[in-house]
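Me: Please take a close look at the cavities enclosed in this protein. I would like to know what lines them and how they sit within the whole.

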Amino acid sequence: MFSAPCMWMRGGTSKGGYFLGSDLPKQSKERDLFLMGIMGSPDPRQIDGMGGADPLTSKIAIVKPSARPETDVDYLFLQVAVDRPLVSDAQNCGNLLAGVGPFAIERGLVSATKGTTSVRIFMENTGQTADAIINTPDGSVEYNGKAKIDGVPGSAAAISITFKDTAGSTCGALLPSGNFIDTIDGVDVTLIDNGMPSVILRARDMGISGLESREELEANAALKQRLEQLRLRVGPMMNLGDVAEKTVPKMCMVRLPTNGGAISTRTFIPHRCHASIGVLGAVTVATACAIEGSIAADLANIPAGYQKELDIEHPIGMTTVMLDIGDDGKVGSAAILRTARKLFDGIIYAP
């Protein structure tokens, strides 16, 4: 039986285990077997582990001191599949990212200052960087606060995260096909990567209104089959190759906003419908809204000015993304507000 120190945290609207890299097996095969063991995968209920029978609660963050002078820590995100023996590093997770700064401070990788503490994070999955501002009023992490995010009950201390150099971080280009719109099997799509490889589609083109609940979409077998057929087709077009066993690209269906936001979304990640929307998924959709000629831009309500605050509607509320637009009309940086909470800190065991 292998064991390791672990901190379980809610990061944004996700939940998972946070580890120091030095506390896990060095070989990736042994590491992945351990992580599947602690989550209870593969099993739809994950009854023999800590996973919550949902991709959003079957996640891992591995953190270590950074050798790069411009960043404090390196963060590797791993998605542990629920009902398959698979651990994937093919994407980032901007929600679990919210807990990386607090975890780094708690583990002594970053010294806290009174007031707030900046933690500069290198995201190993895609080579991006993010700056997180953590509330540390007395020199230690404060989790309680008044910030609220849709999808999480109650309130907590605000964590501001600014992303840099996200365009094409996985696919090699913001628009990896070189087109604003591609037509696949008669369906118009925008293929885009501003931190999360995503396929943007009109909800109506997929035979839905885009206002359905997560449960309704989960039960729509024909929709899921069609989305997967499209996803497999666009994988090579996005420089992702064969994506049959990958968790990217995400499939995001959009429509006109209905609650005062910029656009309304329903996202598959890729085989389950997201309860809300991922952080970097929201950043990528917001960027698509700001690109004239994209699927999203035709449906979005975009505010004027170089600094744009876009509320991305999802099944349980909204996620707000701040975009800085340069004089050339391109997105320079994106910022988002998240919260995190420490749930337990101790030793975790795998069978």
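Reply: What follows describes the cavities and then the protein around them.

The model is a predicted one, and 2 cavities of 30 Å³ or more are counted in it. The largest cavity has a volume of about 200 Å³, and among the 21 residues that line this cavity, Gln 91, Met 196, Lys 250, His 274 and Gly 278 are the closest to its centre. Three elements, α2 (94–106), β12 (250–255) and α5 (279–289), each contribute at least two residues to the lining of the largest cavity, and α5 provides the largest share, with 4 residues. By class, the lining of the largest cavity consists of 8 nonpolar, 11 polar and 2 charged residues.

The second largest cavity has a volume of about 40 Å³, and its lining is formed by Pro 102, Ile 134, Asn 135, Val 141, Glu 142, Tyr 143, Ala 157, Ile 159 and Ala 340. Here the classes come to 7 nonpolar, 1 polar and 1 charged.

As for the surrounding protein, the chain has 5 helices and 17 strands. Its radius of gyration is 19 Å, close to the 20 Å that the globule rule gives for 351 residues, so the protein is as compact as a globular protein of that length. Buried residues account for 55% of the 351 residues, and, among contacts between residues at least 6 apart in sequence, 62% join residues at least 24 apart. On the outside, the protein exposes about 14200 Å², of which carbon and sulfur atoms supply 49%.

Terms used: Residues numbered from 1 in each chain as written. Predicted model: local features only at pLDDT ≥ 70, side-chain atom pairs only at ≥ 80, totals over all residues. Heavy atoms only, no water. 1 Å grid on protein atoms, 1.4 Å probe; cavity = no way out; pocket = protein on both sides within 12 Å on 5 of 7 lines; lining within 4 Å. Points joined across faces, edges and corners; volume = space filled by probe spheres on them. Nonpolar A, V, L, I, M, F, W, Y, C, P; charged D, E, K, R; others polar. Rg over C-alpha atoms; globule rule 2.2 N^0.38 Å. Buried < 20%, exposed > 50% of the residue type's maximum accessible area, 1.4 Å probe, protein only. Contact = heavy atoms within 4.5 Å. Areas by Shrake-Rupley, 256 points an atom, 1.4 Å probe, with all protein chains shown as cover.
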